[in-house]
Amino acid sequence: MPTRSHVHEEIFPVSPAELFSILLTPSAIRSWWSASRAIVVPERGGIWAATWGDSENDPDYATAATIRELDPPRRVVLADYRYRAKGGPLPFRADFVTEFLVSEHPEGAALRVTQDGFPAASIADEFYAGCERGWRDTFAGIRRHLEGRGAPWAPEPTPLLYGELAAWWPLVSPPEEYAEEAERFRRALVEACSAPPRTLLELGSGGGHTASHLKQWFEMTLVDIAPAMLAVSRELNFDCEHQQGDMRTLRLGRTFDAVLVHDAINHMRSAAELAQVIGTAYRHLAPGGAALFAPDHTRESFEPGVDHGGCDRDGRSLRFFEWTWDPDPADTEVRAEMVYLFREGTGEVRCRHDTHRYGLFARGEWLKLLREAGFEASAIAGESGETGESAPLIFLGRREL
Ligand SMILES: C[S@@+](CC[C@H](N)C(=O)[O-])C[C@H]1O[C@@H](n2cnc3c(N)ncnc32)[C@H](O)[C@@H]1O
């Protein structure tokens, strides 16, 4: 059967040995490949396996390959792949072979990945294109992982609320509560765009509650990193396109009239991460378009405090308590400790604790990063609502025509 291959090469500012080691270290593989678990038996004939998804016993996707060649610190070849995906098997037979080749480079080390064995037939076109995108994201993951080296590697835990407890999201923050904010965003975007916007990309769209109020006005594409949140959103917004992706590195290869990043932007904890998301928004905007970012707080508006909420819905009940605090006012990170009490039907009340880590940036820092990305930047102050509390600042970036 005729086959085709895919080759991707990039340079990294580390030694070849360091680059090679992350290809065989399970904790590193989890980090750069966003896998949930990885197992490596690092020897010729050994195993190289990983799974994705929140459930250990029922992963969304699992792959295992045999290490066919191992020549440290230069070359590793994986073959005899076995896949298992919840979405079903591939629509074609394929014998993939992946070669990782590390070589010295004046700026550090080069990594060249060659994946061979894609059927040349058109039935494999979509999968081939997906793998091309996947390798770009994987290399971005490797770069991020290497930039974070030095600190002991620790997996970034997904908040329970976006994984195992995602189905409770509509009881934590019901869609109805988003109507007023969504209308504020709609008006600001329409005003900021040079022509009436038709297409809208939302990054970090979560359970799609904001989107549920905007989709009547725009053709929406919803992107979130958490599969469980996308599943919640698909139920509510079955009429919108959904994509899984990391808003820091997402590259859809097309542009939109407007981009929205609502409260998901709170999850960017360093200026570098915030700049990455602003860059993603810029790249996905057509000239004349506008991007809107709506953090819960800026450094100026943040105050530690407590909140509570929750509701009953469809035979389930949830109440939460939230304690927001700032462990180190000198950095750009604050925390929200959440406690959820929840109960299904007449069942027992269960309780879970969850920690959300949020970024916090001054107004001036926001505007600087927007300008550096190429945007014409502004901040809009919110009007006071019925409670007398003023709405948080929103940041707008206009991309020139
Ligand atoms: C508070 S929820 C968003 C809720 C949303 N406004 C709604 O209407 O349901 C924050 C979301 O940000 C997502 N998120 C966090 N980091 C992300 C990233 N790097 N890329 C994409 N989504 C991300 C989380 O998975 C989560 O679904």
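The following exercises, each with a worked solution, concern a predicted model.

**Exercise 1. Domains**

Task: State into which domains the chain is divided, and describe the contact that they share.

Solution: Begin with the bounds, which come from an automatic or database domain assignment: domain 1 covers 3–147, and domain 2 is made of 160–298 + 361–398. Next, take the C-alpha centres of domain 1 and domain 2, which lie 31 Å apart. The contact itself draws six residues from domain 1 and six residues from domain 2. Finally, sort the side of domain 1 that touches domain 2 by residue type, which gives one nonpolar residue, one polar and four charged.

**Exercise 2. The antiparallel sheet**

Task: Give the strand order of the open sheet with antiparallel pairing, and find which strands are at its edges.

Solution: Reading across this sheet of seven strands, the order is β1-β7-β6-β5-β4-β3-β2. The edge strands are β1 (3–12) and β2 (37–40), each of which pairs on one side only. From one strand to the next, the twist averages 20°. For a closer look at one pair, consider β6 (residues 97–105) and β7 (residues 108–119), which run antiparallel and are joined by nine bridges; here Glu 104 stands opposite Ala 109 in β7. To complete the picture, add helix α3 (residues 125–147), which packs on the sheet, touches β1 and β7, and has a direction that makes about 20° with that of β1.

**Exercise 3. The mixed sheet**

Task: Work out why one side of β10 and one side of β17 are left without a neighbour in the sheet.

Solution: Start from the order of this open sheet of seven strands, β10-β9-β8-β11-β12-β18-β17, whose pairing is mixed. Because β10 (241–244) and β17 (376–380) stand at the edges, each has a single partner strand, and so one side of each lacks a neighbour in the sheet. On average, and with direction ignored, neighbouring strands of the sheet are turned by 20° against each other. A parallel pair is found in β11 (residues 256–261) and β12 (residues 285–293), with five bridges, and Val 261 has Phe 293 in β12 as its bridge partner. Helix α7 (residues 227–236) lies across β9 (219–224) and β10, running at about 175° to β10.

**Exercise 4. The ligand shell**

Task: Determine how many residues surround the ligand, and which are the closest.

Solution: Counting residues whose C-beta atom, placed from the backbone, lies within 6 Å, one finds that 20 residues surround the ligand, the closest being Gly 206, His 209, Ile 225, Ala 226 and Ala 264. Classifying this shell by type then gives seven nonpolar, nine polar and four charged residues.

Note on methods. Residues are numbered from 1 along each chain as its sequence is written. This is a predicted model: local features need pLDDT of at least 70, side-chain atom pairs count only at pLDDT 80 or more; totals for chains, interfaces and linings use all residues. Ala, Val, Leu, Ile, Met, Phe, Trp, Tyr, Cys and Pro count as nonpolar, Asp, Glu, Lys and Arg as charged, and the others, Gly among them, as polar. Two strands pair if DSSP finds at least two bridges between them. Helices (H or I, at least four residues) and strands (E, at least two) are DSSP runs, numbered from the N terminus. Axes are lines fitted to C-alpha atoms, for helices over the stretch in contact, and angles run from 0 to 180 degrees between N-to-C directions. Two residues are in contact if their C-beta atoms, placed from the backbone, lie within 7 Å.
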